Amino acid sequence: MAAITSANAANAIAKLVAAQAMPALLPNLVMGNLVNRDFEPVLGNTGDTVNVPIPGNMVANDVAEGGAVQAQNPSLGNAQIVLNTHVEATFQIPDVTKVLAFPALLGVYMQPAVNAVITKIEQDLLNLWSLFTANAALGATSAMDEARIDSAEKVLFDNYIPQNEPKFLVVASSSASGMRQIPRFTEMQTVGEKDVMLTAYMPGGSAGLFGKIKDFYCFRSQLVVNSTNYKNLAFHRNAIALVMRRLPQPLPGTGAIAEYGEAGNFGYRVVMSFQPGTLAQQFTVDALYGVGILRNTHLVVVQST
């Protein structure tokens, strides 16, 4: 059995911190769990461009008896997503060895850092609303109502959103309150038992999910943009891309140790280093990512108060 040394203890602590961040991170994402996530465990740098392929369109041709097929060369679309955001949250632990003895202590330090990273990602995704111009925004400065939601579903249906794939509606808290005044929205026989039927196959768990109406799985977020009114988003996952790549390891001999946490097309880095000024171990949770539009027609802004 290998002896416990300061070197392998340090590595064990860094791995423990990286592993503990993921369970705290994914269940609290709303938009981050619903959009198209592109992640590869390859190194990336701020400013890199990632090409996300978009399938081209084809048509069906009638083949006459004895006729020949018509070869098609569909143009493969391409969305260029720039890795222009390097987000971090840093904290210090005075006596880091206690983390090994009492792993629950790590949550006290980890949760605020994770929340900071989540908030930045969610804000960047929700701020994309103004770039979606293919569909006219619905609603105005009035409370959310059933007709508005129905119109949003019609817009996505008319844009050939696959009917067998889930569609999402992410709204502000006040918009959610208006939706809860719609009787059918809260009847168990139409939406199913909460956290059983609704969340059975939802991506990333049930964070923010509070019901289903008009074929939309409905989520609420405190971060929905409020510009004159709330810019709630009705969309299919292929409307938006969240692209993430690994950040490089620190230079050898600099006294820093890095481990990665990766799951569900989501990845981040945890860097541990000693800070002589405070005599504490410093941990930085950081991620490199970019957000952008995949299909402009797959999202419609639903405005409300």
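Over residues 1–5 the pLDDT (the predictor's confidence in each residue, from 0 to 100) stays under 50, and the model has 1 contact there beyond four places in sequence, a contact being heavy atoms within 4.5 Å. Residues 194–201 also have a pLDDT below 50, yet this stretch has 13 contacts in the model beyond near neighbours in sequence. Where pLDDT is low, the predicted coordinates should not be read in detail. The protein chain as a whole has a mean pLDDT of 84, with 86% of its residues at 70 or more. Among its elements, strand S14 (residues 299–304) has the highest mean, 98, and helix H8 (residues 188–191) the lowest, 51. Helices (H or I, at least four residues) and strands (E, at least two) are DSSP runs, numbered from the N terminus.

A word on how to read the rest: this is a predicted model, in which local features need pLDDT of at least 70 and side-chain atom pairs count only at pLDDT 80 or more, while totals for chains, interfaces and linings use all residues. Residues are numbered from 1 along each chain as its sequence is written, and side-chain values use heavy atoms, with hydrogens and water left out.

Let's turn to helix H5. H5 has 13 residues and reaches 18 Å from its first C-alpha to its last, close to the 18 Å expected at 1.5 Å a residue; the expected span is 1.5 Å times one less than the number of residues. Its buried residues (under 20% relative accessible area; exposed is over 50%, partly exposed in between, with a 1.4 Å probe and protein chains only) are Arg148, Ile149, Ala152, Glu153, Val155 and Leu156. They cover an arc of only 155 degrees around the axis, so they sit on the same side of H5; the arc is that of the directions from the helix axis to the C-beta atoms. Among the elements that cover these residues are S5, helix H6 (173–179), S6, S7, strand S9 (229–235) and S14. Just after H5, tyrosine 160 takes a positive phi of about 65 degrees.

H5 also takes part in salt bridges (a side-chain nitrogen of Lys or Arg within 4 Å of a carboxyl oxygen of Asp or Glu), of which the structure holds 10. In one of them, the closest N and O atoms of glutamate 146 and lysine 214 are 3.3 Å apart. Glutamate 146 belongs to H5 and lysine 214 to the loop between strands S6 and S7, so the pair ties together parts that are 68 residues apart in sequence. Aspartate 150 meets lysine 214 as well, at 3.6 Å from N to O. Salt bridges that share partners thus make one network of Glu146, Asp150 and Lys214. Lysine 214 is partly exposed at 29% relative accessibility, and aspartate 150 is partly exposed at 36%. Glutamate 153 pairs with lysine 167 of strand S5, at 3.9 Å; here lysine 167 is buried at 3%, and glutamate 153 is buried at 18%.

Finally, the aromatic rings. The whole structure has 3 aromatic pairs; rings of Phe, Tyr and Trp (its six-membered ring) pair if their centres lie within 6.5 Å, with planes under 30 degrees apart counted as stacked, over 60 as edge-to-face and the rest as tilted. Phenylalanine 91 and phenylalanine 283 are stacked, because their centres are 5.6 Å apart and their planes at 20 degrees. Both are buried.
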